[in-house]
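Please open the model in a viewer and keep the sequence panel beside it. The stops below indicate what to select next and what is to be found there.

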Amino acid sequence: MVASHSPSRLKPLSKVGVYFDEIADKYPRMTSSGILGLIKRREKDSILRMLSPAKNDSVLDAGCGSGFYSILIKGLGASVTGVDISKRMVEIARAKGIDAEIGDLESLNLDNKFDKILCAG
């Protein structure tokens with residue numbers, strides 16, 4: 001568990017959380033084609049180069065969404081924990097094998113320490 005609070009103690013879902021819950025199922029398609037797809041492909045190379053996740057690194061993916069970066073980082077051998085405000089996005093990330101928790105980054109209290117933190121997207 002990443003957060004020291006339970007989901008029932010989270011403040012009411014923000015407009016951002018509601019928005020991403022509503023688009024969660026189509027989000028991967030939205031960000032893999034058209035102009036968003038082009039931006040994501042360029043962003044991905046830069047982010048992975050700057051983050052340079054290594055085997056056995058512990059990485060927090062803050063705002064992990066559906067797990068796009070978490071999957072890439074995990075594939076490079078790092079341990080990844082994702083946090084996102086959208087319950088549906090976390091469900092999708094978990095279905096992809098990502099250790100993810102529902103949480104609001106503004107009030108998140110972390111029990112774990114991480115070698116690296118990613119907040120992108």
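**First stop: the loop after α3**

Select Asn56, which lies in the loop between α3 and β1; helices (H or I, at least four residues) and strands (E, at least two) are DSSP runs, numbered from the N terminus. The model is a predicted one, in which local features need pLDDT of at least 70 and side-chain atom pairs count only at pLDDT 80 or more, while totals for chains, interfaces and linings use all residues. Residues are numbered from 1 along each chain as its sequence is written, and side-chain values use heavy atoms, with hydrogens and water left out.

Asn56 has a positive phi of about 75° although it is not a glycine. Most residues other than glycine have a negative phi. With a relative accessible area of 63%, Asn56 is exposed; buried means under 20% relative accessible area, exposed over 50%, and partly exposed in between (1.4 Å probe, protein chains only).

Now select Ser52, placed in the loop between α3 and β1. Ser52 is not a glycine either, yet has a positive phi of about 40°. Its relative accessible area is 39%, so Ser52 is partly exposed.

**Second stop: the whole chain**

Zoom out and colour by secondary structure. The chain has five helices and four strands, and from the N terminus on its elements run α-α-α-β-α-β-α-β-β. Of the 121 residues, 38% are buried. The chain exposes about 7100 Å², of which carbon and sulfur atoms supply 55%; accessible areas come from the Shrake-Rupley method with a 1.4 Å probe, and for residues only the protein chains shown count as cover. Among contacts (heavy atoms within 4.5 Å) between residues at least 6 apart in sequence, 58% join residues at least 24 apart.

**Third stop: strand β1 and its partners**

Select residues 58-62, strand β1. How many of the residues of β1 are buried? Five of the five are, so the strand is largely enclosed by the rest of the structure. Ser58, Leu60 and Ala62 point one way from β1, whereas Val59 and Asp61 point the other way. In a regular strand the side chains alternate between the two faces of the sheet.

Add β2 to the selection: five bridges join β1 to β2, and the two run parallel. Two strands count as paired if DSSP finds at least two bridges between them. Ser58 stands opposite Ser79 in β2. To follow the connection, trace the chain from β1 through helix α4 (residues 68-75) to β2; this β-α-β crossover is right-handed. A crossover is right-handed if, with the strands pointing away from the viewer, the path from the first strand over the helix to the second runs clockwise.

Next add strand β4 (residues 116-118), which pairs with β1 in the parallel sense over three bridges. Here Leu60 stands opposite Ile117.

**Fourth stop: from β2 to β3**

Select strand β2 (residues 79-84) and strand β3 (residues 99-102), which run parallel and are joined by four bridges. Gly82 has Ala100 in β3 as its bridge partner. Together, β2, α5 and β3 make a right-handed β-α-β unit.

**Fifth stop: charged side chains**

The structure holds five salt bridges, a salt bridge being a side-chain nitrogen of Lys or Arg within 4 Å of a carboxyl oxygen of Asp or Glu. Select Asp25 and Arg88, whose side chains meet in one of them (2.7 Å, N to O). Asp25 lies in the loop between α1 (15-23) and α2 (27-30) and Arg88 in helix α5 (residues 87-95), so the pair ties together parts that are 63 residues apart in sequence.

Extend the selection to Glu91, whose side chain meets that of Arg88 in a salt bridge (3.1 Å, N to O). Arg88 and Glu91 are three residues apart in helix α5 and therefore separated by about one helical turn. At 29% relative accessibility, Arg88 counts as partly exposed; Glu91, at 33%, counts as partly exposed too.

Then select Glu101 and Arg94, which form a salt bridge with the closest N and O atoms 3.7 Å apart. Which of the classes, buried or exposed, does Glu101 belong to? At 16% relative accessibility, Glu101 counts as buried, whereas Arg94 is partly exposed at 41%. Salt bridges that share partners join Asp25, Arg88 and Glu91 into one network.
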